[in-house]
Protein chains: 2
Amino acid sequence: MKAQVIVMPKRSVLDPQGAAVREAIHHHGLPSVKAARVGKFIELELDGTETEAQIHEVCRDLLSNPVMEDYELKVQK
Amino acid sequence: MKAQVIVMPKRSVLDPQGAAVREAIHHHGLPSVKAARVGKFIELELDGTETEAQIHEVCRDLLSNPVMEDYELKVQK
């Protein structure tokens, strides 16, 4: 069983890393990139004995900072 | 138009960040997580004038380090 967690900065929060990536892409010769946002992708391998609520708890308490970030959890059975 | 880029450490490369996340999850009380890998998630907003080959070039040259990382590109029209 696998779980994928995507952690992204909230829309309302400044994302300097995303802005830097956008600028770098422009300098690289691709001005059609209007915006870039950079987050984390975490892949977990699970043995299947945990509940989805437990994984959400880990996402909230450990993998993301709820003040600045949102997370999205996808569990693949 | 949006593009999502997932950059992950290659399977053959040590992922100390992933190992640290796994240990932290174990200490948090969820021993059923057998492995964790941590990568980057980059979301690009595009105006649609670029080719997919150009985005692949940006992924290869700018967003990932091909020696240590693999990337996956998903373009949503």
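Two strands are taken as paired if DSSP finds at least two bridges between them. In this predicted model, strand β2 of chain A (residues 33–46) meets that bar comfortably, since 13 bridges join β2 of chain A to β2(B). The two strands run antiparallel. Within this pairing, A:Ala35 stands opposite B:Glu45 in β2(B).

The strand pairing belongs to a broader contact, to which chain B and chain A contribute 33 residues each. The size of an interface is often given as the accessible area lost when the parts come together. Here, the area buried between chain B and chain A is about 2900 Å², and carbon and sulfur atoms account for 64% of that area. On the chain B side, B:His28, B:Phe41 and B:Glu45 together supply 21% of the area that chain B buries against chain A, more than any other three residues. B:Glu45 is thus met twice, as one of these three residues and as the residue opposite A:Ala35.

Polar and charged groups also take part. Across the interface of chain B and chain A, 14 residue pairs are in polar contact, with both residues at pLDDT 80 or more. Four elements of chain B each supply at least two residues of the side that touches chain A: β1 (2–9), α1 (16–27), β2 (33–46) and α2 (52–63). Of the elements in chain B, β2(B) gives the most to this side, with 14 residues. By residue type, the side of chain B that touches chain A divides into 17 nonpolar, five polar and eleven charged residues.

Over all chains, the count comes to twelve salt bridges, and four salt bridges are found between chain B and chain A. Two of the pairs involve B:Glu43. The side chain of B:Glu43 meets that of A:Arg37 in a salt bridge, at 3.4 Å from N to O. B:Glu43 also forms a salt bridge with A:Arg11, where the closest N and O atoms are 3.7 Å apart. This second pair crosses between chains, from A:Arg11 in the loop between β1 (2–9) and α1 (16–27) of chain A to B:Glu43 in strand β2 of chain B.

How, then, are the two copies arranged? Two copies of a chain are related by a rotation about an axis and a shift along it. Chain B can be laid on chain A by a turn of 180 degrees and a shift of 0.0 Å along the axis, with an RMSD of 0.0 Å. That is the relation of a two-fold axis. In chain B, the C-alpha nearest the axis is that of B:Lys40, which lies 2.2 Å from it. The same surface serves both copies, as 100% of the contact residues of chain B recur in chain A.

Key: Residues are numbered from 1 along each chain as its sequence is written. Chains are lettered from A and ligands numbered from 1 in the order in which they are written. This is a predicted model: local features need pLDDT of at least 70, side-chain atom pairs count only at pLDDT 80 or more; totals for chains, interfaces and linings use all residues. Side-chain values use heavy atoms; hydrogens and water are left out. Contact means heavy atoms within 4.5 Å. Buried area is the accessible area (1.4 Å probe) that two parts lose on being put together, summed over both. A polar contact is a pair of N or O atoms within 3.5 Å; within protein, one must be able to donate a hydrogen and the other to accept it, and residues adjacent in sequence count only if both atoms are side-chain atoms. Ala, Val, Leu, Ile, Met, Phe, Trp, Tyr, Cys and Pro count as nonpolar, Asp, Glu, Lys and Arg as charged, and the others, Gly among them, as polar. Copies are superposed by least squares on the C-alpha atoms of residues with pLDDT of at least 70 in both.
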